[in-house]
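I opened this model to look up a few residues and their surroundings. My notes follow in the order I worked.

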Amino acid sequence: MAKIDIRRPHGTTVENARAVVDKVAARMREKFGTEGTWQGDTLTFARSGVKGAIAVSASDVHVTAELGMLLSPLRGAIEDEIRKKLDEQFS
């Protein structure tokens with residue numbers, strides 16, 4: 001399994017960062033069929049072939065994910081897309 005581990009400073013409040021993560025999670029549901037739930041300040045998500053979490057702290061957003069065998073070869077492209085979205089939302 002390929003693993004993804006990305007941190008991005010957000011420069012805003014935890015509440016605002018959570019609102020952004022909620023918007024991203026809604027797009028993930030629509031586009032990829034992921035299911036996610038909040039546990040404290042961490043959104044856990046899963047679907048066939050991937051499971052992960054987006055943790056929001058006072059200073060950053062931390063994305064972790066484990067990709068199944070079919071998605072592992074796409075790890076680089078998936079990481080690039082995550083970084084792009086984080087840059088768009090938190091720059």
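Entry 1, the core. The model is predicted. I looked up the largest nonpolar core and found 22 residues in it, with Ile54, Val61 and Leu86 having the most contacts inside. I then checked where the residues come from: β1 (2-9), α1 (14-32), β3 (42-47), β4 (50-56), β5 (60-67) and α2 (75-90) each give at least two. The largest share is that of α1, with seven residues.

Entry 2, isoleucine 54. I listed its contacts, leaving out residues up to four places away in sequence. Isoleucine 54 touches Val21, Trp38, Asp41, Thr42, Leu43, Phe45, Val61, His62 and Val63. I followed up Trp38 from that list.

Entry 3, tryptophan 38. I placed tryptophan 38 in strand β2, residues 35-39. Is tryptophan 38 buried or exposed? Tryptophan 38 has a relative accessible area of 24%, so I noted it as partly exposed; the cut-off for buried is under 20%. Its C-alpha atom is 9.3 Å from that of isoleucine 54, and the two residues are 16 apart along the chain. Beyond four places in sequence, tryptophan 38 touches Arg18, Val21, Asp22, Leu43, Ile54 and Val56.

Entry 4, polar and charged neighbours. What joins the side chains of tryptophan 38 and aspartate 22? I found a polar contact of 2.7 Å between them. Arginine 18 lies over the face of tryptophan 38, and I noted 3.9 Å to the ring centre.

Entry 5, aromatic pairs. I searched the whole structure for aromatic pairs and got zero.

Key:
Residues are numbered from 1 along each chain as its sequence is written. This is a predicted model: local features need pLDDT of at least 70, side-chain atom pairs count only at pLDDT 80 or more; totals for chains, interfaces and linings use all residues. Side-chain values use heavy atoms; hydrogens and water are left out. Helices (H or I, at least four residues) and strands (E, at least two) are DSSP runs, numbered from the N terminus. Buried means under 20% relative accessible area, exposed over 50%, partly exposed in between (1.4 Å probe, protein chains only). Contact means heavy atoms within 4.5 Å. A polar contact is a pair of N or O atoms within 3.5 Å; within protein, one must be able to donate a hydrogen and the other to accept it, and residues adjacent in sequence count only if both atoms are side-chain atoms. A nonpolar core is a set of buried Ala, Val, Leu, Ile, Met, Phe, Trp, Tyr and Cys residues joined through side-chain atoms within 4.5 Å. Rings of Phe, Tyr and Trp (its six-membered ring) pair if their centres lie within 6.5 Å; planes under 30 degrees apart count as stacked, over 60 as edge-to-face and the rest as tilted. A charge sits over a ring if NZ of Lys or CZ of Arg is within 6 Å of the ring centre and within 35 degrees of the ring normal.
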